[in-house]
Amino acid sequence: MRTDAPDVPKTGVWADVVGQPDAVRTLFAAARAADRQQRGEPAPPGAMTHAWLFTGPPGSGRSVAARAFAAALQCTDSGQLGCGHCTACRTVLSGTHADVRVVVPEGLSISVAEMRALVQASARRPSTGHWRVVLIEDSDRLTEGAANALLKAVEEPPERTVFLLCAPSDHPEDVSVTIRSRCRVVQLRTPLSRSIAEVLAERDGVEPQLAEWAASVCGGHIGRARRLATDEQARERRESVLRIPLGLGRFSGVFTAADGLVKLAETEAVAANEDRDEAEKEELRTAMGAGGTGKGTAAATRGANAALKELEKRQKSRTTRSQRDALDLALVDLAGFYRDVLVVRSGADVALNHPDFARSVATAAQEWTSESTLRRLEAVLRCREALGQNVKPIIAVEALIAALHRG
């Protein structure tokens, strides 16, 4: 029998859930209740349910918390649920557990066909684990048809299936009211800089001073902090973006700045996917018998070419999404700069989003009025909205940079 563990475990899979003690407490209690149910013992009513919705701002660790919970549900350790060492925990975290299906949308949306196949698979009984777990990252990317297909499964769930959905919020624009009403919501908060810096230094081996800097400028986004702390090119791209506000002296520079911003996003997207794309192509060619000789080779080659075209189509969609995500991150940095200018002009005693650009922020605060700064901030938000509506990036960004120049 498992022994009771502390209310908020800080080891094993839970160590990766940074700065979320309330969420960890709720999830750990649910995992213990589920474990007792499996062993036929009484469990607190309502502690465990079949559908969960993880919400929180970007970088708060929604998918990390969901994966930790999935690992705890499958954990076979006799001491602590979510030990992080047993085969079940390790396979869940690596994405190879037979009974845990993780959906990470690589395109701009999750299609109804993909969701129907997932729902069908979720109806099967677990093969090796305690539960069949379906984890959907970015469930706000579900199309209407895909959401309807998921709703049916959530309304009539199989006995030993658990659905874990991740979305920025429980707003109807992110997840439908009908799905949300059938889920237990776990709200994550923006982690404190101190917590992020500790994780970077202790787990990732980042030099403490660099870890503190990355934590102070990441906007509470743990993944961004790690990237800034470990990737010099990421730091250079951020600096290029934050030099834009004070670098728009002439209108002729508007188009240069817009083109540069879009190309920065394209470069980051290519860098993030290039190695993976080539590995997938090589794996497909090998599976389809590339380089083979003899009878049937011509037919196999035609099949391989068709499969390769389909793979390239999916990769293009993934790269497009990566580019949009990188561009959106740059816009968030710009919005943070203008927010800092407003903070300085108002004299508010609050931390800056970009403390390492405090001198530039002070210069802008002297040159601009609060009204013009606010107009610039609103222009950034309008650009984000336009990109969300699939406006061509270069058009949206040129309009943005022109608005920033005008003030």
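In this predicted model, helix α1 has 18 residues, which at 1.5 Å a residue should span 26 Å; the end C-alpha atoms of α1 are 26 Å apart, so expectation and model agree. The mean pLDDT of the protein is 85. The points below cover helices α1 and α2, the nonpolar cores, the cavities and the confidence of the prediction.

**Helix α1**
- The buried residues of α1 are Ala-23, Val-24, Leu-27, Phe-28, Ala-30, Ala-31, Arg-32, Ala-33, Ala-34 and Asp-35.
- These buried residues pack against β1, α2 and β5 (184-187).
- Gly-40, just after α1, adopts a positive phi of about 75 degrees.

**Helix α2**
- For the 13 residues of α2 (residues 62-74), a rise of 1.5 Å a residue gives an expected span of 18 Å; the end C-alpha atoms lie 19 Å apart, which agrees.
- Helix α2 is mostly covered, with ten of its 13 residues buried.
- Among the buried residues of α2 are Arg-62, Phe-69, Leu-73 and Gln-74, together with several alanines, including Ala-65 and Ala-66.
- The cover over the buried residues of α2 includes the helices α1 (21-38) and α3 (87-94).
- Strands also contribute to this cover, including β1 (51-55), β2 (100-103), β3 (132-136) and β4 (161-167).

**Nonpolar cores**
- In soluble globular proteins, nonpolar side chains tend to be buried together.
- The largest nonpolar core comprises 39 residues, and those with the most contacts inside it are Trp-14, Met-48, Trp-52, Phe-54, Phe-69, Leu-73 and Leu-164.
- Two or more residues of this core come from each of α1, β1, α2, α3, β3 and β4.
- A second, separate core has 37 residues, including Ala-379, Val-380, Cys-383 and Ala-402.
- Beyond its neighbours within four places in sequence, Phe-54 has contacts that include Leu-27, Arg-62, Ala-65, Ala-66, Phe-69, Leu-164 and Val-186.

**Cavities**
- Two cavities of 30 Å³ or more are present in the structure.
- The largest cavity holds about 170 Å³ of space.
- Its lining consists of 16 residues, and Arg-224, Arg-237, Arg-238, Glu-268 and Ala-326 lie nearest the centre of the cavity.
- At least two lining residues are supplied by each of α9 (222-230), α10 (232-242), α11 and α12 (297-346).
- Helix α12 provides the largest share of this lining, five residues.

**Confidence of the prediction**
- A pLDDT of 70 or more is reached by 90% of the residues.
- Among the elements, helix α11 (residues 253-287) has the lowest mean pLDDT, 75, and helix α13 (residues 358-367) the highest, 96.
- Over residues 1-6 pLDDT stays under 50, and the model has 18 contacts beyond four places in sequence for this stretch.

Terms used: Residues numbered from 1 in each chain as written. Predicted model: local features only at pLDDT ≥ 70, side-chain atom pairs only at ≥ 80, totals over all residues. Heavy atoms only, no water. Helix = DSSP H or I, 4+ residues; strand = E, 2+ residues; numbered from the N terminus. Expected span 1.5 Å × (residues − 1). Buried < 20%, exposed > 50% of the residue type's maximum accessible area, 1.4 Å probe, protein only. Contact = heavy atoms within 4.5 Å. pLDDT = per-residue confidence, 0-100. Core = buried A, V, L, I, M, F, W, Y, C linked by side-chain atoms within 4.5 Å. 1 Å grid on protein atoms, 1.4 Å probe; cavity = no way out; pocket = protein on both sides within 12 Å on 5 of 7 lines; lining within 4 Å. Points joined across faces, edges and corners; volume = space filled by probe spheres on them.
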